[in-house]
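Here are some short exercises to help you read a protein model. Try each task yourself before you look at the solution.

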Amino acid sequence: MLTQPISVSFDLGGNRQVTIGTGKLARQADGAVTVQQGDCIIMATVVANKDPKEGQDFFPLSVDYQEKFASAGRVPGSFFKREARLNDYEILTSRLIDRALRPLFPEDYLCDVQVLVSLVSSDAEIMPDSLACLAASAALAVSDIPIKEIISEVRIARVNGEFVVNPTRSQLATSDLEFLIAATEKNLMMVEGEAKECSEADLVKALELAHDAIRIQIKAQADLRSKVGIITKRDYKKPEQNEAIREKVYAFAKDRVYEISRKGSAKHERTDAYSALKDELIASLGEEATDLEKKLAKKYYEDLKWEVVRNMILEDRVRLDGRKLDEVRPLAMEVSPLPTPHGSALFTRGETQSLTTVTFGTKLDELLAETAAKSEYSKFFLHYNFPPFSTGEVKMMRGVGRREVGHGNLAMRSLKQMMPGSEYAYTVRVVSDILESNGSSSMATVCAGSLALMDAGVPVPKHVSGVAMGLITREDGKYAILTDILGDEDHLGDMDFKVTGTRDGICGVQMDIKVDGLSMAVMMEALEQARKGRLHILDAMYECMPAARPDVKPHAPRMIKLIIDKEFIGAVIGPGGKVIQEIQRETGATVNIEEVGNTGEVSIFSANKESLDKAVTWVRGITAVPQVGDVYEGPVKGIKEFGAFVEFMPGKQGLLHISEISWSRLETMDGLFKEGDMVKVKLVGVDPKTGKFKLSRKVLMPRPDNKQPREGQSENA
């Protein structure tokens, strides 16, 4: 156990120092570090069991990132006032760390590993998620848990045309490109992010600059490990192997696996054929085969499939379903398949299908996203559902998993690039239900979501499509880039990456790179092939839905946002909310008002156009400035012996003096009006001292002698 804390520091550039320390906190963990930049402090711990569980045949890694609300001096807003299940932001950060760490462990390492990363001190300007993977990797580096390499992760953004590594929150708010990138010293491993239609060349430049910054962080971790004195990693129990069984499997099944793979059949037909061959293989071992030998045979069979299919694609340039390497599966799509939702689309690509809906909501329907640093509301959000029947399976429905959160986030970030700005009044919810899945349902969600938004009448200027790509490489330098990968091709590839965008550029990227030494030349070739696949899908989408509907559907709720002067907010609300409640009660519309800077934003929402128009007229009347000389019509609100008070605009009354009612001289108000009568009047003046309004009715009538008063002459002359 360390008796003295140890730390190393490095500069991110621009005098931004980051310090990694160990030996002070959580000393009973196998590895524990803190990473500090400014007031932001992240603690990461890692613990691994010494031996794998009996019979375990997979690597059980769990990664959890959590933000402690005390880190920002806040109390959680939940009913129990304590941190509960991870929110979506924490889940997404956990996934980013997991995807970067998982390839570091030896393939035969099967012990349980738990990585816990916590934000314990928050800085208002520093983004903790860009330091979280650095902390997790450093905790592994100072432990004796076996890992192959050290990694790190940075965020890179383009702010005012300049690339910035780990930008502040303020800088990120004005960026047009943002990617989180993880890498070893030599190789990129993971990329995730979004952009406002950036080019493929911009993406590659961002990757190169991020990799340079990551190398600095890796060196700092290596220095820390050296100071701690970690030289060798612990030994571990390796899974049993049986070369004789392996040879039997390859001899029995290799040619037949190739035959099945080369046939170009559909997913279920191919799966059934593989399964039947596996049953024959196990039977061929004889009754004397032990359970362990049968288990090993199944594992070697899966290894054989991986090897045969990869070689088939590399040598024959043919894929499992018979397609060419750059061919997109057949496309089918339609809009408005569902009559009641505000917008809907059905998108099918091969054996992957998404049914997506769009729902409009009000300001009250915005999504609250709460983190330790801040709480903010979102007017656009997307939910992705992946039921088990989509892959022909039976599973328990236990709520949304991390995969669903991650896939939905990628689609949401991509479509968000085309959404209208804050002036758009609606809250928009998109829901993608995956009905079939055989490769990249997240990209089907992007395509279906874009179609559904246009079907709903959301003024998005362009379609966004997405395509999932694969890469298979071999040590002899041979490689194959695959467009629109199947589920099986995702499993066997060396890189799978999803690229979304418009005809003019990239909107979203998600990459997992498993191969060492991937050159930027191959990366550029893969991105160019992805661009062609994306454009092919976009052509079909524009043919289905050329542009957004000019208006929402007749049954969709309607919303108008009015910008008013700040001084009128109180008038619209009224004392104790009396006026705004009256507007809602009388019109049936929902009215929401909030102060934004020096203005007020009034959102009016109704499923009925007449109701909406009535509420809009009412609010505009309250906030309008009366103009002398304008003609109005309003109800009589009160009658006195000297005249009547008329509400010529909502909330504004003026005096219609008895002398201004008619050209004839009137002795009394008796019988002229009763309260509620509608009277057309003209605003003829405003008392400069009191601000009271003077109205006239007679000036709208023909004068008995047909003479009109000259300019500057009194109406009574």
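**Exercise 1. Find how far apart the mean positions of the positive and negative charges lie in this predicted model.**

Solution. Begin with the two groups: the protein has 93 positive and 105 negative charges. Next, take the mean position of each group; these two points are 4 Å apart.

**Exercise 2. Compare the radius of gyration of the protein with that of a compact globule of 717 residues.**

Solution. Start with the reference: for a compact globule of 717 residues, the value would be near 27 Å. The protein itself has 34 Å. Then look at the box filled by the C-alpha atoms, which is roughly 120 × 65 × 45 Å along the principal axes.

**Exercise 3. Decide whether Asn 409 is buried or exposed, and describe its surroundings.**

Solution. First, locate the residue: Asn 409 sits in helix H8, which covers residues 402-416. Second, take its relative accessible area, 13%. Buried means under 20%, so Asn 409 is buried. Third, list its partners: leaving out residues up to four places away in sequence, Asn 409 touches Leu 92 and Glu 192. For the wider setting, 51% of the 717 residues of the protein count as buried.

**Exercise 4. Work out how confident the predictor is, and where the pLDDT falls below 50.**

Solution. Take the average first: the protein has a mean pLDDT of 91, and 98% of the residues score at least 70. Now look at residues 710-717, where the pLDDT is below 50. Beyond near neighbours in sequence, this stretch has ten contacts in the model.

Technical notes
Residues are numbered from 1 along each chain as its sequence is written. This is a predicted model: local features need pLDDT of at least 70, side-chain atom pairs count only at pLDDT 80 or more; totals for chains, interfaces and linings use all residues. Side-chain values use heavy atoms; hydrogens and water are left out. The radius of gyration is taken over C-alpha atoms; the globule rule is 2.2 Å times the number of residues to the power 0.38. Buried means under 20% relative accessible area, exposed over 50%, partly exposed in between (1.4 Å probe, protein chains only). Lys and Arg count as positive and Asp and Glu as negative; His and the chain ends are not counted. The place of a charge is taken as NZ of Lys, CZ of Arg, CG of Asp or CD of Glu. pLDDT is the predictor's confidence in each residue, from 0 to 100. Contact means heavy atoms within 4.5 Å. Helices (H or I, at least four residues) and strands (E, at least two) are DSSP runs, numbered from the N terminus.
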